[in-house]
Amino acid sequence: MLRPLDHYDLAIIGSGSGNSIADEAFADRSIAMIERNPVFGGTCINVGCIPTKMLVLPADYASSVAEARRVNVDLSLDAVDFPAMRDRIFGRIDQISEGGKEWRSSADNLTLFSAEASFVGERRLRAGEHEFTADQIVLATGSSAVLPDVPGIDLPKVHTSDTIMRIDELPQTLLIIGGGYIATEFAHIFGSFGVKVTQLARSGLLRGQDQTIIDRYTEIAAERRTLRFGQTLNGIEASEDDQLLVLTSDADGEQYTYLTDMVLVAIGRSPNSADLNPEAGGVRVSASGYIEVDEFQRTSADGVWALGDVCNPNQLKHVANREARVVRHNLLHPDDLQPVGDLPVPSAIFGEPQIATVGLTEQQAIAAGVDFVTAIQEYGSVAYGWALEDTVHLMKLLADPASGQLLGAHILGPQAASLIQPLVQAMTFGLGAQEMARGQYWIHPALPELVENALLALPLTGQAR
Ligand SMILES: Cc1cc2nc3c(=O)[nH]c(=O)nc-3n(C[C@H](O)[C@H](O)[C@H](O)COP(=O)(O)OP(=O)(O)OC[C@H]3O[C@@H](n4cnc5c(N)ncnc54)[C@H](O)[C@@H]3O)c2cc1C
Ligand SMILES: NC(=O)c1ccc[n+]([C@@H]2O[C@H](COP(=O)([O-])OP(=O)(O)OC[C@H]3O[C@@H](n4cnc5c(N)ncnc54)[C@H](O)[C@@H]3O)[C@@H](O)[C@H]2O)c1
């Protein structure tokens, strides 16, 4: 006799941002949560935002030696105890992850499956040996590091961000492939700890950022490490003395070889959609692999929702969190659906220096045919910048010349990730540049005076002045 299929009110696939949905408001619903990784809690806590930033802080301390010297303070960096740092960071994180798993497993109304989930039909899933149906399904499966299909990519000292934070000792040399978020943050971390870093980036650094930021950052980065652009990775070989030989070529076919202790591959992350067998569930996926969702986070299949990296190319934790809140609300209030909204999405790269961005870049404004003016404010132009003896960092604003509404903000320099937040707020709530600059006090002589001065420097016309 066939066993009747198990049935749940709600199935959540992925224990990252999806884990925040099932709170006490769902106490009367039966829930299946499926996580394929033995480690619970997803990317941000285990291998993403949190451990990287816990490494960025000591890296900031280590790199402050050179900064301090510029203002007549002689510091020295005596040692970086990487194993102790690693054990401290992951000692804390691993406990949080294990605690989260235990807590979820102990809930009366939730069954946690440690298996890979995939669709076998409409609102019908398989997870390992189990097959079940659910009224509602949330796809929160995130993204995974992309690995180029070249020989040697599986050699032990070739890492992604998933593994490099747990290495036993610092290498003397590190070759980083990529020029985006992850490459930039790890170049700062390992470079500051005294590792000699070479960075290979196919098309330059910081793709997608405003060109003014790219140009200034590239000048700064070139002083700190070896940069090589326009090369394609062909393969990696183990050398006789336990190092790696990285083989590349440029557009003219010229071949290059790099000898290094370790490699970090950081060439992007792709959405974890294919393993879900989405077609069987009636879930549509875009050409680039993202699950398609509407403004309420509904997929093309009735009762199936998606959130986070698997459906949003921004691939940012604060974006995944917002979408999880929207999905949670919509599951609880099917007659009062909430849209995720078209808010400006900020992000920050915690490199040296920090980079923060929101809204349009100048290249995007030109491509979109938008009327805009810009202001570039150097850190060295405000009082706190004098204290910093700053000569390289800057902020750039784009605004509508007639209305004074901000269109974009881009910061390269100390505290960029925090400095950008009032500009995010102004863009989100429609506060004009002039009103923002003159309608409040700015603490003197703090760094936000940079924001005030940049706002005042915008060459606005008409009413907006
Ligand atoms: C090194 C690094 C640093 C980062 N730093 C930042 C930062 O500073 N700020 C920021 O905003 N963002 C940062 N991010 C991005 C951020 O971590 C992600 O945007 C966010 O964690 C995505 O959350 P999610 O819930 O969509 O996916 P995840 O947290 O990845 O959760 C998805 C879960 O689903 C599981 N899963 C996948 N497929 C299946 C399946 N078929 N069956 C069962 N389980 C499955 C996975 O194992 C995973 O646990 C960083 C990312 C990385 C890699
Ligand atoms: N602070 C943060 O918010 C933070 C930190 C880390 C990661 N993240 C998220 O994780 C995502 C992934 O980060 P990432 O740095 O891997 O991706 P990314 O998209 O930021 O950068 C990828 C880089 O790899 C290059 N590249 C792509 N294909 C290549 C190839 N075949 N060979 C050589 N170079 C190639 C690109 O030109 C680009 O420079 C980011 O998009 C970001 O959203 C965020």
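Which residues in H2 meet which residues in H3? In this predicted model, the H2 side consists of Ile50, Pro51, Met54, Leu55 and Pro58, and these meet Met85, Ile89, Phe90 and Ile93 in H3. By class, this contact has nine nonpolar residues, with no polar and no charged ones.

Helix H2 also packs against helix H4. The table sets out the two packings.

| Helix pair | Angle | Axis separation | Handedness of crossing |
|---|---|---|---|
| H2 and H3 (residues 82-105) | about 145 degrees | 10 Å | right-handed |
| H2 and H4 (residues 181-192) | about 50 degrees | 8 Å | left-handed |

The angle between H2 and H4 is about 50 degrees; these two helices are therefore oblique to each other. From H2, the residues Thr52, Leu55, Val56, Ala59, Ala62 and Ser63 take part, meeting Glu185, His188, Ile189 and Ser192 in H4. This contact divides into five nonpolar residues, four polar and one charged. Leu55 of H2 is listed in the contact with H3 and again in the contact with H4.

H2 has a further role in the surroundings of the ligand. Around ligand 1 there are 35 residues, and the closest are Gly14, Gly16, Gly42, Gly142 and Gly308. Helix H1 (42-47), helix H2 (49-70) and helix H6 (317-332) are the elements that each give two or more residues to this shell. In terms of class, the shell holds eleven nonpolar, 17 polar and seven charged residues. H2 thus appears in the ligand shell as well as in the contacts with H3 and H4.

Technical notes
Residues numbered from 1 in each chain as written. Chains lettered and ligands numbered in written order. Predicted model: local features only at pLDDT ≥ 70, side-chain atom pairs only at ≥ 80, totals over all residues. Near = placed C-beta within 6 Å. Helix = DSSP H or I, 4+ residues; strand = E, 2+ residues; numbered from the N terminus. Nonpolar A, V, L, I, M, F, W, Y, C, P; charged D, E, K, R; others polar. Axes fitted to C-alpha atoms, helices over the stretch in contact; angles between N-to-C directions. Left-handed = near helix turned anticlockwise from the far one by under 90°. Contact = placed C-beta atoms within 7 Å. Parallel < 35°, antiparallel > 145°, perpendicular 65-115°, else oblique.
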